[in-house]
Amino acid sequence: MISFGRMPRRRVTLRAVTALFLERQNLARPHATRLTAPRLLRFVQDVGGIQLDSINVLDRAHYLTVWSRFGPYDRAWLDRQIYRRRILFEYWAHAACLVPASDFPWWRRAMLDYRSRHTGWSGWPRRNAKMLRTVREAVQANGPMGNGDFEGRRPAGGGGWWSWRPVQHALHHLWMNGALTIHSREHFQKRYDLLERAMPDALGVEPVSAAEFQRWHVRRSLHAMGAATELDLARYLTFPRFQPGVRRAALREMLERGEITEIELEGSGGRWLALASDLPALVRAGRAPALAHGTTLLSPFDSLMWYRDRVARLFGFDYRIEVYTPEPKRVHGYYTLPILHHGHLIGRVDAKSHRADRKLEVRHVHFEPWFASAGALPDGIDRLDRDEALGGVAQAMGSLRIFVGADEVAIGRVTPARLRAPLVRWLRVSRQDEPVLES
């Protein structure tokens, strides 16, 4: 931890930091506004990126992340904004993400630097220069291409990332260094094209300097979180993986300029940082009567959940993705969606979409112990109306049912079991003409 001097630090409450975090994540009033192109762009600019993931047990992660804010919408419309209008483009930010096209000058710097950065497999491009050249020339001659358009076989041996066949390595490397971009997706499979052909104005954009990119990277992450520790900054936008000294040099320079300030979080002994321009917003957030208003469910890959230790500190919510956990060892379920109600994470829902049967299966709803006992909130300030919260959860499930194209909701386990009956009742109230199945 570096010292930034001995200037007095503004004291800020945990509630203020949490409220501003929710606001910047566009979760202060979930499902309160209709999705439009300007609102989509503002959302992604605020959070820095929407993570992509291939798991489709319920829906793709990026579709769910947008639904969490805006409710049901047309996926084809979203795809057009990305792959035709190109207000967003795919690049590596936290993981593979959709990032704003307006951020291209900064990500262009990351692309150019990728050519020389050690990535753990930097020797492969040197040994396969001919393969890289062949793949790029094929895309140039034929137009958008995916892995399946190239001939070749996977190397012998075990599975996993390292068993990618050479063409996959080449396409990934050419995408990361900006020679190619992702033109479109078919059944979620990437199709690549030359960057200058898919984004004609891209090569005319002057990339920022390395130092400007480092400061922008810090600024972007601090804006998305409202206030953060140094470790929060390193774990939010995780690409590129700056050496600690590089990030600290950027932080020191931004503090000396007065762009960043230290704050003191009540009840926390560590240093927290915020943009100086965000101090009024933190004060305002601390005075708000509630953290947020409304109920939604979050994708496991939602940007609010990117750094789970931060989620535990701010919300008192211990969350782990159990997709890769053997089934007998799972505690909450395969694909659990955190439940956000009035700014509090009150539980999680393990859900699956049965598309052929047009059914949304809610396998397990697991509420946090403090919520189940109707006790005080983790912050100790006040209490939630448990019955109202169950009504909000039922409405969120109904909205999710509509979004995934299901005609009915099947409810399985609820923990604690005594909350199952009132939840089912609220589901029936929320749509009285729909049968609620009890599996």
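In this predicted model, the largest nonpolar core comprises 141 residues, of which Leu58, Tyr91, Trp107, Tyr335 and Phe367 touch the most other members. Helix H16, spanning residues 386-403, supplies the largest share of this core, with 8 residues. Such an arrangement may be set beside a general tendency: in soluble globular proteins, nonpolar side chains tend to be buried together.

The model also contains an open sheet of 3 strands, arranged in the order E1-E7-E8 with mixed pairing. Strand E1 (10-12) and strand E8 (271-275) form the edges, each pairing on one side only. From one strand to the next, the twist averages 50°. Helix H1, formed by residues 14-24, packs on the sheet and touches E1, E7 and E8. The direction of H1 makes about 75° with that of E1.

Strands of a sheet pair through backbone hydrogen bonds, either parallel or antiparallel. Strand E7 (residues 260-265) and E8 run antiparallel and are joined by 5 bridges. Within this pairing, Ile260 has Leu275 of E8 as its bridge partner, and Glu262 stands opposite Leu273 in E8. The hairpin of E7 and E8 has 5 residues between the strands, and in this hairpin Gly267 adopts a positive phi near 85°.

Although E8 is an edge strand of the sheet, 4 of its 5 residues are buried, that is, under 20% relative accessible area. Strand E8 is therefore largely enclosed by the rest of the structure.

Terms used. Residues numbered from 1 in each chain as written. Predicted model: local features only at pLDDT ≥ 70, side-chain atom pairs only at ≥ 80, totals over all residues. Heavy atoms only, no water. Pairing = 2+ DSSP bridges. Helix = DSSP H or I, 4+ residues; strand = E, 2+ residues; numbered from the N terminus. Axes fitted to C-alpha atoms, helices over the stretch in contact; angles between N-to-C directions. Contact = heavy atoms within 4.5 Å. Core = buried A, V, L, I, M, F, W, Y, C linked by side-chain atoms within 4.5 Å. Buried < 20%, exposed > 50% of the residue type's maximum accessible area, 1.4 Å probe, protein only.
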